[in-house]
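Reader: Please take one part of this model and look at it closely. Then work outward from there. Keep the cut-offs explicit.

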Amino acid sequence: MEQVTLISRAVIAVGGPDWRSFLQGLITQDVETLAPRESRFGALLTPQGRLLWDMFVVGRDEGCWLDVEAQHRDAIVQRLSMYRLRAKVEIASADLTVSAAGEPGPDGEWVRDPRLPALGWRGYGASGGGDEGAYEGRRLALGVPSPADWGSERTYPIEANFDILNGIDFKKGCFVGQETTSRMKRRGQVKSRMLPIVFDGPPPAFGAEILAGELRAGEVLSGIDGRAMALVRLDRARGAALTVEGRPVRTEVPAWMSPALGEEAA
């Protein structure tokens, strides 16, 4: 994968004496043990346990960077500031580019993508880089969901596979939305997940209904020619003859998902 600049992403700098304990009580990922130049994937949820925003937490010698959606950076800064109360924490936008590549580039600071080895590295402050569309194609080929798929306040993180992509630490203790998230995992109540679907031709419209016969089996999310992400009901979609807008489609289970789906099916 060649180096690409991710214009859809932006950076927030978090620091101050209380930055670890502050984030630890908010997001789905453990930051107490985060080392400098290490990255972890997580999210900020609603109190009801639905996804607000994803974030990569990048350890620094003092504090951390949060790699977030560019269009929501101001809202995230505002939300974090609301939670700050008396904590000694500094939260501010940082003027850094975000990049992705198969191997670290010649400049900037690079960390491994914590979700999957096949996603390579993420860089901060790197110059140059190709079109983000190439990265999107790589992501879809691997079957990895993105904010384009889960939106805001409508999807549970387990439905977007955060538990399989190292996005939730179930041993870290409390975080916003933790009760619902832990209950879904503990009780095995994962009825729907995001899976890739494959088909001939251009992608169906976002939100198009996936049918198993006459039964609704899910909906189409982001896509490119021949391939898209979809939120599917596992009991109806896996192994079934599916159609979208009259066209045949089929689900694929990426290798990194197979163990988890095997456990759920047992």
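Author: The pocket comes first, then selected residues, then the whole chain.

The model is predicted: local features need pLDDT of at least 70, side-chain atom pairs count only at pLDDT 80 or more, and totals for chains, interfaces and linings use all residues. Residues are numbered from 1 along each chain as its sequence is written, and side-chain values use heavy atoms, with hydrogens and water left out.

Start with the largest pocket. Its volume is about 270 Å³. A pocket here is an open set of points on a 1 Å grid over the protein atoms alone, where a 1.4 Å probe fits, with protein on both sides within 12 Å along at least five of seven lines. The volume is the space filled by probe spheres set on the points, which are joined across faces, edges and corners.

The lining has 19 residues. Lining residues have an atom within 4 Å of a point. Nearest the centre lie S8, R9, E136, S146 and P147. Three elements give two or more residues each: β4 (51-59), α3 (132-142) and α4 (147-150). The top contributor is α3, with four residues. Helices (H or I, at least four residues) and strands (E, at least two) are DSSP runs, numbered from the N terminus.

What is the chemistry of that lining? It divides into eight nonpolar, three polar and eight charged residues. Nonpolar covers Ala, Val, Leu, Ile, Met, Phe, Trp, Tyr, Cys and Pro; charged covers Asp, Glu, Lys and Arg; the others, Gly among them, are polar.

Next, the loop between α4 and α5 (178-187). T155 lies in this loop. T155 counts as buried because its relative accessibility is 1%. Buried means under 20% relative accessible area, exposed over 50%, and partly exposed in between, with a 1.4 Å probe and protein chains only. A polar atom of the T155 side chain is 3.1 Å from the backbone oxygen of W150. Leaving out residues up to four places away in sequence, T155 touches R50, L51, W150, A160 and M194. Contact means heavy atoms within 4.5 Å.

N166 is in the loop between α4 and α5. N166 is partly exposed, at 43% relative accessible area. Its phi is positive, about 60°, although N166 is not a glycine. Most residues other than glycine have a negative phi.

L85 also has a positive phi without being a glycine, near 50°. L85 sits in the loop between α2 (73-84) and β6 (90-94). L85 is exposed, since its relative accessible area is 77%.

Now α5 itself. T180, T181, S182 and M184 are buried in this helix. The cover over the buried residues of α5 includes β3. Just after α5, G188 takes a positive phi of about 65°.

That leads to β3 (residues 39-45), where R40 lies. Is R40 buried or exposed? R40 is buried, because its relative accessible area is 16%. Its side chain makes a polar contact of 2.8 Å with the side chain of T33. A polar contact is a pair of N or O atoms within 3.5 Å; within protein, one must be able to donate a hydrogen and the other to accept it, and residues adjacent in sequence count only if both atoms are side-chain atoms. Beyond its neighbours within four places in sequence, R40 is in contact with Q29, D30, T33, L34, M55, F56, V57 and P114.

Another arginine, R216, belongs to strand β12 (residues 215-224). R216 is partly exposed, with a relative accessible area of 38%. The side chains of R216 and E209 are joined by a polar contact of 3.2 Å. Apart from neighbours within four places in sequence, R216 is in contact with E209, I210, L211, R233 and R236. The C-alpha atoms of R216 and L242 are separated by 9.6 Å, although these residues are 26 residues apart along the chain.

Finally, the whole chain. There are seven helices and 15 strands in the protein chain. Of its 266 residues, 52% count as buried. The C-alpha atoms fill a box of roughly 55 × 40 × 30 Å along the principal axes. The radius of gyration is 19 Å, which agrees with the value near 18 Å for a compact globule of 266 residues. That radius is taken over C-alpha atoms, and the globule rule is 2.2 Å times the number of residues to the power 0.38. Among contacts between residues at least 6 apart in sequence, 65% join residues at least 24 apart.
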